[in-house]
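Q: I should like to learn how to read the features of a structural model, one at a time. Where should one begin?

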Amino acid sequence: MSDSAGARGVRRGRLPPGVLRWAVVLVFSVLLAFPFLWMGITSFKQTTDLYNIKNNPFLFNLPPTLEHLKLLFNETLFLRWLLNTAGAGALVVLITLVLAVPAAYALARLTGRWGQRLGIGIFLTYLIPPTLLFIPMSRVVALLGLQDSLWSIIVVYPTFTLPFSIWLLMAFFKSIPRELEDAAMVDGLTRFGAFLRLVVPISLSGILTVVIFSFTLVTQEFVYALTFISSAKNQTVSVGVPIYLVRGDVYYWGSLMAACLISSLPVAVLYNVFLDRFIAGFTVGAVK
Amino acid sequence: MAVTRQDRWLGPAMFAPALLYIAGLVGVPLVLAFLYSVGDVTVGSVGYHFVGLANFRSVLQNPAFRGALWHSFVFTIAAQLIVIVGANVLALALRNPFRGRGLVRFLTLLPWVAPISLGAIGWKWILDSIYSVVNWALVSLHLVKPFDTPMWLGEPSLAMISVILVHAWRMLPFSTVILLAGLTAIPRDIPEAAAVDGAGFWRTHFEITLPMMRPIISVALLFGIVFTFTDMTVVYILTRGGPYDSTHVVPSYAFFAGILGGSLAEGAAASIFLVPILVLVAWAMLRVAHRSEVV
């Protein structure tokens with residue numbers, strides 16, 4: 001809301017401008033963040049408190065407890081899922097970088113106009129969803145002998161981290177002045193040498209953006225992991241928690257909510273730090 | 001320095017590995033998806049016979065699939081309507097800096113940033129048939145009677161509403177930050193000049209700001225459509241398509257038929273129904289990109 005409009009509002013005797021904004025901000029913050037607040041409250045409540053419908057669910061009617069966290073870490077595969085996710089994430093990031101960094105540089109610098117076209121084509125493959133490909137992909141995974149293995153997702157996940165990463169890095173490389181590389185090549189470096197020793201080091205922040213983005217995509221993916229991996233012990237967090245922390249029809253809500261919160265928050269913090277760069281990638285040039 | 005002879009080989013050599021990876025693991029499955037949808041593949045068999053449109057005919061004859069197709073459109077359109085209105089309001093409120101904006105941004109982004117399967121299970125607990133906090137609040141406010149509380153995920157129309165709201169909850173932060181990027185890119189002096197000329201806040205907003213934001217709103221909408229229309233996580237976690245198939249969507253139907261039911265051909269045919277929407281969105285996105293001169 002622009003200040004001048006706000007001033008007019010006051011003059012006409014309406015609400016002061018800040019109030020409306022704070023009302024909007026408050027309502028949206030509560031609606032959007034509520035499930036996470038609820039996960040936090042549920043995680044520390046005693047089971048008898050959780051399952052007594054006469055109790056006010058917003059209050060700790062009995063003292064808080066760590067029993068759900070103990071159960072989660074000692075008696076479930078949660079820690080294993082965290083490690084699986086971190087390991088798979090690291091390898092997917094590695095594959096993504098090795099393939100995307102040179103590809104993006106080539107498309108930004110060495111291939112002229114049709115490089116740009118190809119870049120857009122690669123970006124559009126980001127729109128092809130797992131739910132269109134999962135059936136044939138499960139055959140491909142079986143063919144590669146990777147069913148029920150963490151390797152299935154390590155091999156498949158770059159199919160969605162690569163397109164977006166290449167797109168982000170292309171924009172990044174284009175913003176580097178050509179003169180820098182030209183100068184390095186006059187000094188005797190080859191084009192590839194200039195890429196490795198000059199362009200990659202000054203692009204570290206762009207590369208870091210790709211690392212974080214790819215890693216968060218790995219933590220969020222659900223469909224492929226659910227389709228390819230059938231043993232609980234080989235799962236990632238995003239499938240393990242909602243599917244395998246439920247025994248039969250029994251939901252261990254306390255531990256379940258603790259697991260959701262513990263897995264979500266670090267990802268959320270990381271994503272937030274790099275948000276503006278990701279958004280620049282999503283806007284497809286519609287914002288200058 | 002111009003592109004030299006040596007560079008002419010270097011370029012393709014540098015992007016070939018990525019291109020081959022994508023061609024092999026996106027291109028091949030994509031072709032297979034079409035082949036499966038017109039063949040008779042099952043989990044057990046290795047043979048393949050062309051069966052024409054038989055799979056499409058059989059899924060279309062299935063009322064559960066027709067329902068799923070209908071729900072896909074209803075859920076996507078309803079959720080995106082909520083998202084676009086909500087995101088516009090929230091983006092306006094967040095445009096100018098204020099104390100605590102960083103915290104607000106973090107809180108409002110959570111649904112998009114946290115893994116959706118975990119957010120959805122959070123909602124499953126909030127909407128639990130017995131211990132729902134929503135129902136507790138409704139009972140305390142005397143809006144519903146105890147022991148006659150709404151079954152948010154157990155009654156067809158309520159389950160549909162729940163799925164729509166969770167989709168909207170998930171996509172709203174994403175659209176908000178995209179619109180925010182568009183808002184901050186509008187040169188400040190244009191709305192200010194309009195205000196000086198006597199246009200009020202709403203008039204400036206609807207006649208100047210919104211038209212300038214059209215491309216960015218389309219981008220947010222297009223991504224929103226793809227992410228909602230092709231998602232099966234929300235439905236799978238909240239309702240598994242139930243009660244009585246009332247919340248199945250095309251992707252969740254394909255998963256149940258193709259992966260859990262073992263009828264790869266039927267599942268593949270169901271998935272193919274996503275393609276027209278994806279093609280439309282891709283086409284629209286290219287137009288937006290073309291207009292803003294990036295192509």
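A: Begin with the elements: helices are DSSP runs of at least four residues, numbered from the N terminus. With that convention, the place of A:D148 can be stated as the loop between helix 7 (130–143) and helix 8 (150–156) of chain A. Please keep in mind throughout that this is a predicted model.

Q: What is the sign of phi at A:D148, and is the residue glycine or other than glycine?

A: Phi of A:D148 is near 60°, a positive value, and the residue is other than glycine. To judge its surroundings, one counts C-beta atoms within 10 Å: 20 or more make a residue buried, 12 or fewer make it exposed, and the range in between is partly exposed. A:D148 counts as partly exposed because it has 14 C-beta neighbours inside 10 Å.

Q: In which loop is B:D245 found, and why is B:D245 classed as it is?

A: B:D245 is found in the loop between helix 11 and helix 12 of chain B. Its phi is likewise positive, about 60°, although B:D245 is not a glycine. B:D245 is classed as buried because 20 other C-beta atoms lie within 10 Å.

Q: Is the peptide bond from B:G242 to B:P243 cis or trans?

A: The bond from B:G242 to B:P243 is cis, with omega near -10°. B:P243 lies in the loop between helix 11 (233–238) and helix 12 (250–260) of chain B.

Q: Which elements make up chain B as a whole?

A: Chain B has 14 helices and zero strands. Its C-alpha atoms fill a box of roughly 80 × 75 × 30 Å along the principal axes. Of the 295 residues in chain B, 48% are buried. Sequence separation adds another view: among contacts in chain B between residues at least 6 apart in sequence, 69% join residues at least 24 apart.

Q: How many residues of helix 13 of chain B are buried?

A: Helix 13 (residues 264–272) of chain B is mostly covered, with nine of its nine residues buried. Among them are B:L264, B:E266, B:G267 and B:I272.

Q: How is the packing of two helices described?

A: In general, one gives the angle between the axes and the distance between them. Here, the axes of helix 3 (residues 63–94) and helix 10 (residues 214–229) of chain B come within 10 Å and cross at roughly 145°. The crossing of helix 3 of chain B past helix 10 of chain B is right-handed. Residues making this contact include B:F75, B:A79 and B:V83 of helix 3 of chain B, together with B:A220, B:G224 and B:I225 of helix 10 of chain B. By class, the residues of the contact comprise 10 nonpolar, five polar and no charged.

Q: What should one look for in a nonpolar core?

A: In soluble globular proteins, nonpolar side chains tend to be buried together. In this model, the largest nonpolar core has 171 residues, and those with the most contacts inside it are A:A100, A:A103, A:A104, A:I166, A:L169 and B:A18. Helix 5 (residues 78–110) of chain A supplies the largest share of this core, 16 residues. Beyond its neighbours within four places in sequence, B:A18 is in contact with A:L99, A:A100, A:A103, A:L162 and A:I166.

Q: How many residues of chain A are in contact with chain B?

A: There are 86 such residues in chain A, in contact with 88 residues of chain B. Helix 2 (residues 17–43) of chain A gives the most to the chain A side, with 12 residues. That side has 61 nonpolar, 19 polar and six charged residues.

Q: Into which domains is chain A divided?

A: Chain A is divided into domain 1 (1–33) and domain 2 (71–282). The centres of these two domains of chain A, taken over C-alpha atoms, are separated by 39 Å.

Q: How should distance along the chain be set beside distance in space?

A: Take A:T216, which is in helix 12 (residues 204–220) of chain A. A:T216 and A:F34 are 182 residues apart along the chain, and their C-alpha atoms are separated by 22 Å. A:T216 is buried, because 22 other C-beta atoms lie within 10 Å. Leaving aside neighbours within four places in sequence, A:T216 is in contact with A:V267, A:L270 and A:Y271. In chain B, B:G52 and B:F106 are 54 residues apart in sequence and 51 Å apart in space, C-alpha to C-alpha. B:G52 lies in the loop between helix 1 (5–37) and helix 2 (54–61) of chain B, and B:G52 counts as exposed because it has 9 C-beta neighbours inside 10 Å.

Note on methods: Residues numbered from 1 in each chain as written. Chains lettered and ligands numbered in written order. Predicted model: local features only at pLDDT ≥ 70, side-chain atom pairs only at ≥ 80, totals over all residues. Axes fitted to C-alpha atoms, helices over the stretch in contact; angles between N-to-C directions. Helix = DSSP H or I, 4+ residues; strand = E, 2+ residues; numbered from the N terminus. Left-handed = near helix turned anticlockwise from the far one by under 90°. Contact = placed C-beta atoms within 7 Å. Nonpolar A, V, L, I, M, F, W, Y, C, P; charged D, E, K, R; others polar. Domains from an automatic or database assignment. Core = buried A, V, L, I, M, F, W, Y, C linked by C-beta atoms within 7 Å.
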